[in-house]
Amino acid sequence: MDFSNFGTKDMGIDIGSSKLRVTFEDKGIVLEEPTLIVVNKKTGQIIATGMKAQNIMEQNPITLKAVHPMQNGQIIDIDYAEIFMRDMIKKVYKEFNTGRPRIFANVATDINEVQQKALENALYQMGAKEIFLIDAPIAAAVGCGLRADKPIGNMIIDIGAGKTEAAVVSMGEVVVSDTTDVAGNAIDEDIIQYLKDNLSLSINKETAEELKIELGGAESLIEEKVLEVTGRNVETGLPYTIPVSSKDIEKATKKAMQEITNTILSVISNTPPELVSDIMQNGIYITGGGAHTNTIDNFIAQKTGVKTYIAENPEHCIARGIDKIINNTGDYSRMMEARRRRKLL
Ligand SMILES: Nc1ncnc2c1ncn2[C@@H]1O[C@H](COP(=O)(O)OP(=O)(O)OP(=O)(O)O)[C@@H](O)[C@H]1O
Ligand SMILES: [Mg+2]
């Protein structure tokens, strides 16, 4: 199979539950916008997409609702997903004045056939000339600077907004993987629930995410932090301001951290011994926005006994990996071909 490219340009796409990232041949990441659409609640009319949609939703408009077309790494609404992607990609087409590109997109290891078809359809709708799917852990490994095409084992954990995916990759293939829907969004929900149940404080998702970022950690912070948080008292319904501490957030997120750990441990326990010894030597790499979680590297190292590294700009790792694969298609062509063959089987 020949992956060389005649005339057209190559585009890379990482459609996350929270962000869409687009790369363009020789240019790196050229677009990053929230995977979000704002819709009129009554008429269903689409008001805005991406960053514009996020800015509108920040004003809390009561007549509009936010639609997240991707959740837990899957397209949950194909019509909205197509509209969203077309709108975003139009910007890239316009800026780079490109014809129909070949599109390289990452897919979660647990994607089913229906989901994969839906994704391919959405990409063709956007004007793709040809589509190449890349397993997300392979893209993440390449984005971390690892040679995922070599006969050594590497372990990658991507903690995104909708999904945590743990995998061991070797020779361009995902050897073992496991996923859980416990990731950034679920952790925000746990914080909302905990504060409601234990402090009678009701907050929105944005505040929960802020608390996670400011006060959260995979293990107890050495120095406890406290923030004054305003929300609504669940009993009286009135505005309510109380201190929330890093200890509260630790308690709220403990179960999620345990679930992420269990996902990682299940992958290690299913990994062939010769690759386990590679991983002991090479370590575990964490990617995705969740890699910014305070003390997560120590925590995972302690739970697994394997040294753990946080990727540089972890949320960009998958897009960066796709970009590297696009720009070195020669090096990775065997890997891409294997993915395609598996799909045909
Ligand atoms: N400092 C931080 N601490 C903890 N979580 C963080 C931090 N910074 C960002 N996050 C979380 O990272 C998540 C976004 O990560 P990312 O951009 O990798 O997700 P995504 O690719 O859109 O989603 P997915 O891959 O799951 O579909 C959000 O839930 C966000 O709250
Ligand atoms: Mg992601």
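Helix α6 gives the most residues to the shell around ligand 1, three in number; helices (H or I, at least four residues) and strands (E, at least two) are DSSP runs numbered from the N terminus. The model is predicted, so local features need pLDDT of at least 70 and side-chain atom pairs count only at pLDDT 80 or more, while totals for chains, interfaces and linings use all residues. Residues are numbered from 1 along each chain as its sequence is written, and chains are lettered from A and ligands numbered from 1 in the order in which they are written.

**Around ligand 1**

- The shell holds 22 residues, and the closest are Gly16, Gly160, Gly184, Gly289 and His292; a residue is near a molecule or strand if its C-beta atom, placed from the backbone, lies within 6 Å of it.
- Two elements, α5 (184–199) and α6 (205–215), give two or more residues each to this shell.
- By class, the shell has three nonpolar, 14 polar and five charged residues. Here Ala, Val, Leu, Ile, Met, Phe, Trp, Tyr, Cys and Pro count as nonpolar, Asp, Glu, Lys and Arg as charged, and the others, Gly among them, as polar.

**Domains**

- The protein is divided into domain 1 (10–138 + 321–344), domain 2 (154–181 + 257–315) and domain 3 (184–253), with bounds that come from an automatic or database domain assignment.
- The C-alpha centres of domain 2 and domain 3 are 27 Å apart.
- On the domain 2 side, 13 residues are in contact with nine residues of domain 3; contact means that the C-beta atoms of two residues, placed from the backbone, lie within 7 Å.
- Helix α9 (residues 296–304) gives the most to the side of domain 2 that touches domain 3, namely three residues.
- That side of domain 2 is made up of four nonpolar, eight polar and one charged residue.

**Helix α5 and its surroundings**

- The 16 residues of α5 should span 22 Å at 1.5 Å a residue, and the end C-alpha atoms are indeed 22 Å apart, which agrees; the expected span is 1.5 Å times one less than the number of residues.
- Buried residues of α5 include Gly184, Asp188, Asp190, Ile191 and Tyr194. A residue is buried if 20 or more other C-beta atoms lie within 10 Å of its own, exposed if 12 or fewer, and partly exposed in between, with C-beta atoms placed from the backbone.
- The buried residues of α5 pack against β14 (201–202), α6, β16 (239–245) and α7.
- Ser200 follows α5 and has a positive phi, near 55 degrees.
- Ala252 belongs to helix α7 (residues 246–269) and counts as buried because it has 26 C-beta neighbours inside 10 Å.
- Leaving aside neighbours within four places in sequence, Ala252 is in contact with Asp190, Ile191 and Tyr194.
- The C-alpha atoms of Ala252 and Lys212 are separated by 9.7 Å, and these residues are 40 apart along the chain.

**Glu210 and Val229**

- Glu210 is found in α6 and is partly exposed, since 17 other C-beta atoms lie within 10 Å.
- Between the C-alpha atoms of Glu210 and Asp188, which are 22 residues apart along the chain, the separation is 9.0 Å.
- Val229 sits in strand β15 (residues 226–233) and is buried because it has 21 C-beta neighbours inside 10 Å.
- Beyond four places in sequence, the contacts of Val229 include Leu201, Ile203, Thr207 and Leu211.

**Helix α2**

- Helix α2 (residues 78–96) has 19 residues and should span 27 Å at 1.5 Å a residue; its end C-alpha atoms are 26 Å apart, which agrees.
- The buried residues of α2 are Tyr80, Ala81, Phe84, Met85, Met88, Ile89 and Val92. They cover an arc of only 145 degrees around the axis, so they lie on the same side of α2; the arc is that of the directions from the helix axis to the C-beta atoms.
- Exposed residues Asp79, Lys90 and Lys94 are carried by the face turned away from the buried side of α2.
- Asn97, just after α2, takes a positive phi of about 50 degrees.

**Positive phi in two loops**

- Met171, in the loop between β12 (164–170) and β13 (173–180), has a positive phi of about 50 degrees although it is not a glycine.
- Thr295, in the loop between β17 (284–287) and α9, also is not a glycine and has a positive phi of about 60 degrees.
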